[in-house]
Amino acid sequence: MNTLGIIIACGKEEEIAPGTEAAFLTLGNMPMVVHSLQLFENTPDIDGVIIAVGKDRIDATLHVIRRFGCTKVKGVVVGSASRLATLRTVYSKIPEPASIIVVHEASRPFIKKEFIQETIKAAKRYG
């Protein structure tokens, strides 16, 4: 795998109220996390995706992955309350080495594919 996308959909930073995580609120006609999943799915430069969610969101996440046909998802990882701890957990479970890792928070769904592509291009150019 060359370029791996990590989508963070858990943590206290993304919690609006106790038990209400922004990534799983409906935006349009689907959960906010789906916008991020579909973005990575439709970005040719992304070879695989790992998504980090709270342990109580695993089943919902697996359902969303199947329902929306997210074939690039290589794993669902239980995240932590902090972003750093979540990233450490995800890094320890990456199935194969990646030369570039793109981290995105699902609670910020309006990123454009072109921005991700330019970021990957810059990472390849400058390291």
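These legends go with several views of a predicted protein model.

**View 1. The whole fold, from the N terminus to the C terminus.**
Welcome to the overview of the chain, where 4 helices and 8 strands make up the secondary structure. Reading from the N terminus, the order of elements is β-β-β-β-β-α-β-α-β-α-β-α. The radius of gyration is 14 Å, close to the 14 Å of the globule rule for 127 residues, so the protein is as compact as a globular protein of that length. Along the principal axes, the C-alpha atoms occupy a box of roughly 40 × 30 × 25 Å. If you like contact maps, note that among contacts with a separation of 6 or more, 73% join residues 24 or more positions apart.

**View 2. The surface and its charges.**
Here the protein is shown from the outside, with about 6800 Å² exposed. Carbon and sulfur atoms supply 54% of that area. On the inside of the balance, 43% of the 127 residues count as buried. For anyone thinking about electrostatics, there are 16 positive and 13 negative charges, and their mean positions lie 1 Å apart.

**View 3. The largest nonpolar core.**
This close-up gathers the 23 residues of the largest nonpolar core. Within this core, the residues with the most contacts are A9, V33, L37, F40 and I51. Two or more residues each come from β1 (3–9), α1 (32–41), β6 (48–53), α2 (58–67), β8 (100–105) and α4 (113–126). Helix α1 gives the largest share, with 5 residues.

**View 4. F40 and its surroundings.**
Let us zoom in on F40, one of the residues with the most contacts inside the largest core. Which residues does F40 touch, leaving aside its neighbours within four places in sequence? They are G5, I6, I7, I46, V49, K72, V102, H104 and I116.

**View 5. A second core.**
Apart from the cluster around F40, a separate core of 9 residues can be picked out. Among its members are C10, I50, L87 and V90.

**View 6. T61 in helix α2.**
Our last stop is T61, a residue of helix α2. Is T61 buried or exposed? Its relative accessibility is 2%, and because buried means under 20%, T61 counts as buried. Setting aside neighbours within four places in sequence, T61 is in contact with F24, I51, V53 and V76. One of these partners, I51, also appears in View 3, among the residues with the most contacts inside the largest core.

Terms used:
Residues are numbered from 1 along each chain as its sequence is written. This is a predicted model: local features need pLDDT of at least 70, side-chain atom pairs count only at pLDDT 80 or more; totals for chains, interfaces and linings use all residues. Side-chain values use heavy atoms; hydrogens and water are left out. The radius of gyration is taken over C-alpha atoms; the globule rule is 2.2 Å times the number of residues to the power 0.38. Buried means under 20% relative accessible area, exposed over 50%, partly exposed in between (1.4 Å probe, protein chains only). Contact means heavy atoms within 4.5 Å. Accessible areas come from the Shrake-Rupley method with a 1.4 Å probe; for residues, only the protein chains shown count as cover. Lys and Arg count as positive and Asp and Glu as negative; His and the chain ends are not counted. The place of a charge is taken as NZ of Lys, CZ of Arg, CG of Asp or CD of Glu. A nonpolar core is a set of buried Ala, Val, Leu, Ile, Met, Phe, Trp, Tyr and Cys residues joined through side-chain atoms within 4.5 Å.
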